[in-house]
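Me: Please take a close look at a single part of the structure shown here, and then follow its contacts outward into the parts around it. I would like one connected account rather than a list.

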Amino acid sequence: MNTVGKFGWFMLAALGTIIGAPSANAQNYPTRPIRWIVPIPAGATADMITRLVAQKLNEAWGQQVIVDNRPGGAFVIGSDIVAKGNPDGHTVGTLLTPHIVNPFVLKNLPYDTLKDFTPVTLMVIVPGVMTMNPKVPAKNLKEVIALAKAKPSSLNYGSPGPLTSGHLSMEMLKLTAGINIQHIPYKGGAPAIADLIAGQVQFLISGPPGVLAHINSGRLKAIATTAAKRSPGLPDTPTFAESGVPGFDTYEWYGVFAPGKLPKDVLAKLSREIARIIKLPDMSEKLSAQGAIPVGNTSDEFAAFVKREMNTWGKVAQQVGLKPD
């Protein structure tokens, strides 16, 4: 073999190692515990769903999945950890609707909402439910609107936090129905629900999981659900559209994101496995019972969904003049 031949074989071997590296990464991934960031307090709907999926992922891959709650800063603190994580698949995060609203209402975000994140899969869509303290003298959404018009600025509504779906949905209702109800933001759904039961606020739009038990016990009254179709967790509760607000269709969504520039083969493995878990019969049953609609789509489908959501809610944020409070 001549020197050119030897050198050629050496270069081919090196090139093969480089080209083969991503595939080898995907085959071996994960090689250590996965850190799963949740930018809201423990016990909230997104946290509950994340923990269900994380447990299944742990079982499937035999690698520990550590759920790390990092609330605060209008969800920016947790999101920033994901954005600045090592793009090797060992840092992921559950981000939700406020992620695509923040660019329109917050200045100087420490990351680019699109470039610094890799959409992995959309886990679920959660139609909101408007609940009311039973002492409020109204039986349905039409009567709530009439009451708000009769007593402008005298009623309050709580939300799980600024720019959450509960906040956005109520602001859209105010705009559509021409009413004025004051916003009281909380740090998570649990304290908002506690104050709603105590009568400190009169209304709340949130995901069904945190309020279902209170609705069933009579401590809270379900008024209407926000999505175009009825919530699987509250099949007897009418939608906003059925209750006299035509065209109303809002929901919270919870998706898995990784840092930007995640290798495509690692992304494919991670996306495929989480989507598979979401669609397992027992998982779908648990999610549906909590009022969540399982999705589990591809990374490309989720990326397109994120861009559509940014376009939709960006217009609403500017029209309503949303602020993070």
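What follows is a request about one strand and a single long reply.

Which residues of strand β5 are buried on one side and on the other, and in what sense does β5 pair with β8 and with β9? Please go on from there to the helices on the sheet, and add the other helix contacts and backbone features that you would check.

Reply: The model is predicted, and the description below should be read with that in mind. Strand β5 runs over residues 129–132, and both of its faces are covered: Val129 and Thr131 are buried on one side, while Met130 and Met132 are buried on the other.

Along its edges, β5 pairs in the antiparallel sense with strand β8 (residues 203–206), over 4 bridges, and also in the antiparallel sense with strand β9 (residues 221–225), again over 4 bridges. In general terms, the strands of a sheet pair through backbone hydrogen bonds, in either a parallel or an antiparallel arrangement. Individual positions can be placed within this pairing: Thr131 stands opposite Leu204 in β8, whereas on the β9 side the bridge partner of Val129 is Thr225 and that of Met130 is Ala224.

Thr131, which lies in strand β5, deserves its own paragraph. Its relative accessible area is 0%, so Thr131 counts as buried. Leaving aside residues up to four places away in sequence, Thr131 touches Leu196, Gln202, Phe203, Leu204, Val211, Ile215, Leu220, Lys221 and Ala222. Leu204, one of these contacts, is also the residue that Thr131 faces in β8.

The wider setting is an open sheet of 5 strands in the order β7-β6-β8-β5-β9, with mixed pairing. Its edge strands are β7 (182–185) and β9, each of which pairs on one side only, and the twist from one strand to the next averages 30°. Helix α5 (residues 141–150) packs on this sheet, where it touches β5, β8 and β9, and its direction makes about 60° with that of β5. Helix α6 packs on the sheet as well, touching β5, β6 (156–159), β7 and β8, with a direction that makes about 150° with that of β6. Strand β5 is thus touched by α5 and by α6.

Following α6 away from the sheet leads to another helix. Helix α6 (residues 165–177) and helix α11 (residues 299–320) pack with their axes 11 Å apart, at an angle of about 55°. At that angle, α6 is therefore oblique to α11, and the crossing is left-handed. The contact brings Leu168, Glu171, Met172 and Leu175 of α6 against Trp313, Val316, Gln319 and Val320 of α11, and its residues divide into 6 nonpolar, 1 polar and 1 charged. The general geometry of a helix is useful when reading such lists: an α-helix has 3.6 residues a turn, so residues three or four places apart point the same way.

For comparison, consider a second helix pair. The axes of helix α2 (residues 45–61) and helix α9 (residues 264–278) come within 10 Å and cross at roughly 115°, in a right-handed crossing. From α2, Val53, Lys56, Leu57, Ala60 and Trp61 take part, meeting Lys269, Leu270, Glu273, Ile274, Arg276, Ile277 and Ile278 of α9; the residues of this contact divide into 8 nonpolar, no polar and 4 charged.

Helix α3 (residues 76–83) gives another view of burial. Because 7 of its 8 residues are buried, α3 is largely enclosed by the rest of the structure. The buried residues are Val76, Gly78, Ser79, Asp80, Ile81, Val82 and Ala83, and they pack against β1 (34–38), β3 (91–96), α4 (98–105), β4 (117–127) and β10 (251–259).

Finally, some backbone features are worth checking by eye. The peptide bond from Tyr29 to Pro30 is cis, with omega near -5°, and Pro30 is found in the loop between α1 (3–28) and β1. Asn108, although not a glycine, has a positive phi of about 60°; Asn108 lies in the loop between α4 and β4 and is exposed, with a relative accessible area of 75%. Lys261, likewise not a glycine, has a positive phi of about 65°; this residue is found in the loop between β10 and α9, and Lys261 is exposed, with a relative accessible area of 79%.

Notes: Residues numbered from 1 in each chain as written. Predicted model: local features only at pLDDT ≥ 70, side-chain atom pairs only at ≥ 80, totals over all residues. Heavy atoms only, no water. Buried < 20%, exposed > 50% of the residue type's maximum accessible area, 1.4 Å probe, protein only. Helix = DSSP H or I, 4+ residues; strand = E, 2+ residues; numbered from the N terminus. Pairing = 2+ DSSP bridges. Axes fitted to C-alpha atoms, helices over the stretch in contact; angles between N-to-C directions. Parallel < 35°, antiparallel > 145°, perpendicular 65-115°, else oblique. Left-handed = near helix turned anticlockwise from the far one by under 90°. Contact = heavy atoms within 4.5 Å. Nonpolar A, V, L, I, M, F, W, Y, C, P; charged D, E, K, R; others polar.
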